[in-house]
Amino acid sequence: MSTATPSGSVITGIEDPVLRLAAVDKSYREGEGTLPILRGAAMELYAGEVVALVAPSGAGKSTLLHIAGLLERPDSGEVVLGGKACGKMDDKARTAMRRTAIGFVYQFHHLLPEFTAAENLVVPMMIAGLDRKDAGERAMQLLAYMKLDHRATHLPSELSGGERQRVAIARAVANAPKVLLADEPTGNLDPKTSHYVFDALQALVQATGLSAIIATHNHDLAARMDRRITLEDGRVVDVT
């Protein structure tokens, strides 16, 4: 396997992971002391792979995803994304990396309520530099793939829970990221809708070669992914 290099350098190798966490530690202040969450956490994610992250509440799932997604910095250790070590990147570089290389899906869809389904996809693409015409065409392609093109002009309030979450998934991949990080993406949906949304997500990952880590409490969905990991005493453990 390749090793981390100084910030910004490219790590080469045919089988290099798309995402690698190496010896990641993270603690939070608790009163006068600290509460350790991650202790030497390490994992690798490869192209086209869908990994389930299954762990009890409070084990550190969201912290792991936030660090992997460059939303938080670890106390120590390294995050290597697309062959680039991110530990020494400044905030501007990390923001640019998130915008182009990472897609996020949360338990709550977080769609912009004043914009239509299509506009919720167009906005992040325009922020990333795509012109409005091309962004609009790609938005409609993604919505069609998610079987939502007929709902493109509807506001989030006019969509069902499953439809809103499918729009959120389409938005997450609008800028063609390398990695998709999903935190309980079906947590607010009924079982039938959960499986429908997951099917759409999995098909999209397979069609695009995207890699994904999906945190979930749903063991039926987790069993359908390529492998399963959990967190034990702050460390990542493969339980497949």
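**Helix α5 and its neighbours, and the pairing of α3 with α4**

In this predicted model, helix α5 is built from 12 residues and spans 17 Å from its first C-alpha to its last, close to the 16 Å expected at 1.5 Å a residue. Helix α5 is also largely enclosed by the rest of the structure, because 10 of its 12 residues are buried. These buried residues are G162, E163, Q165, R166, V167, A168, I169, A170, R171 and A172. Their cover includes two strands, β6 (102-105) and β7 (179-183), together with the helices α3 (117-127), α4 (132-145) and α6.

One of these covering elements, α6, can be followed in detail. The axes of α5 (residues 161-172) and α6 (residues 191-208) come within 10 Å and cross at roughly 15°. An angle under 35 degrees counts as roughly parallel, so α5 and α6 are roughly parallel to each other. Their crossing is right-handed. On the α5 side, the contact is made by G162, Q165, R166 and I169, which meet T193, Y196, V197, A200, L201 and L204 of α6. Sorted by class, the residues of this contact are six nonpolar, three polar and one charged.

Two other helices that help to cover α5, namely α3 and α4, also pack against each other. Their axes lie 8 Å apart, at an angle of about 130°, and the two helices are therefore oblique to each other. The crossing of α3 and α4 is right-handed. Here A117, A118, L121, V122, M125 and M126 of α3 touch R132, A135, G136, R138, A139, M140, L142 and L143 of α4. This contact comprises 11 nonpolar, one polar and two charged residues.

Conventions. Residues are numbered from 1 along each chain as its sequence is written. This is a predicted model: local features need pLDDT of at least 70, side-chain atom pairs count only at pLDDT 80 or more; totals for chains, interfaces and linings use all residues. Side-chain values use heavy atoms; hydrogens and water are left out. Axes are lines fitted to C-alpha atoms, for helices over the stretch in contact, and angles run from 0 to 180 degrees between N-to-C directions. Helices (H or I, at least four residues) and strands (E, at least two) are DSSP runs, numbered from the N terminus. Angles under 35 degrees count as roughly parallel, over 145 as roughly antiparallel, 65 to 115 as roughly perpendicular and the rest as oblique. A crossing is left-handed if the near helix is turned anticlockwise from the far one by less than a right angle, and right-handed if clockwise. Contact means heavy atoms within 4.5 Å. Ala, Val, Leu, Ile, Met, Phe, Trp, Tyr, Cys and Pro count as nonpolar, Asp, Glu, Lys and Arg as charged, and the others, Gly among them, as polar. The expected span of a helix is 1.5 Å times one less than its number of residues. Buried means under 20% relative accessible area, exposed over 50%, partly exposed in between (1.4 Å probe, protein chains only).
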